[in-house]
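Please go through the model below from its sheets to its helices and then to some single residues. The paragraphs that follow keep to that kind of local geometry.

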Amino acid sequence: MLIRTPAENTVVVTHTHVSLQITLRDGQISYQLTSTDAGLDISDGRLGELSVAGVPVSWTALNPGAVTRQHDGSSVAELTINAPGLVYVQYVQTYPDRPFVRFWGAVNNTSADAMKITECAIAHFVIPQAPLYMFHVDQFSWPHRSDFFTQHQSQIWPGRTPLEIRMGSYPSHYDAATSCGWFALKPPPHDYDAEMPPSQGPGLVAGVEFNGKSRVFGWATPTETHVRSVIDTLNHILKPKATFDVPAIFVGRYHGDWDEAGFVTHRFAESYVHPPRPDDRYPWVQYNSWKYGQEINEAQQLEVIDRCHELGIEVVVMDLGWANTIGDWHPNKAKFPRGLKPLAERARSYGMRFGVHIAIAQCASEAPIAKQHPEWLVSTYDDYFGAGFFCFGNDPCRNWIIEQVSRLIEQEGIDYIIQDGEDMVKYCTRTDHTHAPGDSNYANSQYGIDVVIGTLREKYPHVVFENCEDGGMMMTYKMARLYHTSITVDNIATYATRQGTYGASYPFSPRYSVRYMEDDPTPYTLRSSIFGGPLILMQRITDWNAQQFTYAKASIDEYKSYRKLIRDAKVIHVLPPRYNVERKGWGWDAIQAVAPDQSESVLMVFRAMGGGDSRAVKPRGLDAASTYVVRIKDAGSEQVMTGAQLMETGVTLALLELSGEIVHMVRQG
Ligand SMILES: [Zn+2]
């Protein structure tokens, strides 16, 4: 990275793939972002867009500071920006191998008086071209609609009312659309027909690293497209000498279709955002106790662990029911008289990990801590299995949960934690907490759940964390920076599981699509769960008959044979599972993974109800000139086709209703 100041209040930052010119003019910091890599330029980006007591801050000086090289090979430039009573350090991170830039900041109050920060933009930029499409993907929600992780190509049309998209942590019972914290931009045309090759173009992707509620707005003039991401409901009291953190966002360039937008994001995030994969087998096959309900005990679960070992399962997790109650995170003595350690040791003797489910921000009124600190509870109303909830924006409460989880990890031998509950960023208007009333959205995320998970990750680097809150409701890039993996849809039927994986694999790398299987194991239900991230079986494994056990074992082996290909692959969204009719779904759907060097690909094809008995399915992303050996697994057929033939005419498959097939393509020679 090079940094220079060609003129007063102008800083130029260049790295191999990007060039930024940052200037202070009329009190505002703006930047231009260009590159020789294909993609969309930013002609006027804004940094440091903050309001104090409703008045936008007017900046008076811009100076370059240190450049530091990070252990991952990226570089961070610090810019110091001043206004009366404020010093703002803007961080600009660039990367040696990708046309991506990441922005975040820290505002320090140098005055003698407290200030109230009432607005903060996470990003604001102008693209010198209109119209554009904004592609984004819904988060989970129980009541909003039955089609999960739906993809949207939203028009940003000149003169129209701005597009408005909610992002961040929401309760899974929130009855409106919310989106994963990621979007992609590209010029028209719209891809209307899944049968047609998708349109290609220069584009831009962005990942929002904020777990609180935020909103993206998009609007256009005839010549420019404006995008602005802003924190919802901010009311932050900044005391003298205190610092306010401006959440991060990354933006990156690409050229291609929406799959390519996803792929460049996945590769960037695997290198620079996500926690490293915990081992080379990751994503694992896991067991979760939920189908045994809360009536679990040591003898029963030891038997389950033995069966898990026979199946080739790699992680065992006790779901809700292992503890005294929600908020009293000690093993229930009636169920587990010796604690969880015997289970953890049995799992470990088989080379498996052992974990627990913690509804981390929830608290039942009978929990001792609720009696000791009733003022920590925001509400005792039934938010989650009869429990009310805490506010992690309140420092003592946040510190208490860190201590509780630390004790659990150390005493019980836990090395896997599922964080569950309803919304990790609570709405709290209490006046006796350490955050200002009206600032819970910011305090509960930036200084709440992020600090809880961040601290635990740092203290216990061997522990793997899974985001799960009644379904994928905090699908942000802050989540994906803190957690190793995430749920998509919660404990749900086969077709909905495929919808979750299909949608979530645009914004996130395939390892961020945990599936919780609740349907009985059949070749169809199992195969519907093997594309993507951790495969989690949550059935009553000890009740399975011999055939169910055989099916599960075969599918686990199948999952393991493809997991490395899929986790590193470009995901191609071939046919969307669009219609979750009567929980069974309608028609055909297909998803594909292609190795980055195009040497190998797997195409998983499914037929729900209806949709016709046979059809051609066209893979994409192959090398047109190469020949591939094409094996259709269940049909038992094998043929040799060129990449061009495969992509133009496809593979014709015959499937019964509620069945699936795997097409495996390997380049010859
Ligand atoms: Zn609070």
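Strand 35 pairs with strand 36 (residues 588–594) in the antiparallel sense, over five bridges. In this pairing Ala590 of strand 36 is the bridge partner of Leu575. This is a predicted model, in which local features need pLDDT of at least 70 and side-chain atom pairs count only at pLDDT 80 or more, while totals for chains, interfaces and linings use all residues. Residues are numbered from 1 along each chain as its sequence is written. Helices (H or I, at least four residues) and strands (E, at least two) are DSSP runs numbered from the N terminus, and two strands count as paired if DSSP finds at least two bridges between them.

Strands 35 and 36 belong to an open sheet of six strands with antiparallel pairing, in the order 35-36-37-42-39-40. Strand 35 (570–575) and strand 40 (637–642) are at the edges with a single partner strand each, so one side of each has no neighbour in the sheet. Direction ignored, neighbouring strands of this sheet are turned by 20° against each other on average. Helix 10 (residues 546–568) packs on the sheet, where it touches strand 36 and strand 37 (600–607), and its direction makes about 110° with that of strand 37. Angles here run from 0 to 180 degrees between N-to-C directions, and axes are lines fitted to C-alpha atoms, for helices over the stretch in contact. Two residues are in contact if their C-beta atoms, placed from the backbone, lie within 7 Å.

Another open sheet has nine strands in the order 8-9-10-11-21-17-16-13-14, again with antiparallel pairing. Its edge strands are strand 8 (61–69) and strand 14 (151–156), each of which pairs on one side only. From one strand to the next the twist averages 20°. Strand 8 and strand 9 (residues 75–83) are joined in the antiparallel sense over seven bridges, and Val67 has Ala77 of strand 9 as its bridge partner.

Now to the helices. Helix 5 (residues 395–412) packs with helix 6 (residues 440–459) at an angle of about 30°, and their axes are 10 Å apart. The crossing of helix 5 and helix 6 is right-handed, meaning that the near helix is turned clockwise from the far one by less than a right angle; anticlockwise would be left-handed. Helix 5 contributes Arg398, Ile401, Ile402, Val405 and Ser406 to the contact, and helix 6 contributes Gly448, Val451, Val452, Thr455, Leu456 and Lys459. Of the residues in this contact, six are nonpolar, three polar and two charged. In this division Ala, Val, Leu, Ile, Met, Phe, Trp, Tyr, Cys and Pro are nonpolar, Asp, Glu, Lys and Arg are charged, and the others, Gly among them, are polar.

Which residues of helix 3 (residues 341–349) are buried? They are Leu343, Ala344, Arg346 and Ala347. A residue is buried if 20 or more other C-beta atoms lie within 10 Å of its own, exposed if 12 or fewer, and partly exposed in between, with C-beta atoms placed from the backbone. The buried residues cover an arc of only 165° around the axis and therefore lie on the same side of helix 3; the arc is that of the directions from the helix axis to the C-beta atoms. Glu345 and Ser349 are exposed on the other side of helix 3. The cover over the buried residues includes helix 2 (298–311), strand 23 (315–318), strand 26 (353–359) and helix 5. Gly351, which follows helix 3, has a positive phi near 80°.

Some loops depart from the usual backbone geometry. Most residues other than glycine have a negative phi, and most peptide bonds are trans. Ala130 and Pro131 are joined by a cis peptide bond with omega about -5°, and Pro131 lies in the loop between strand 12 (115–127) and strand 13 (132–137). Tyr282 and Pro283 are also joined by a cis peptide bond, with omega about 0°; Pro283 lies in the loop between helix 1 (258–272) and strand 22 (285–288). Ala53, not a glycine, has a positive phi of about 50°. Ala53 is exposed, with 8 other C-beta atoms within 10 Å.
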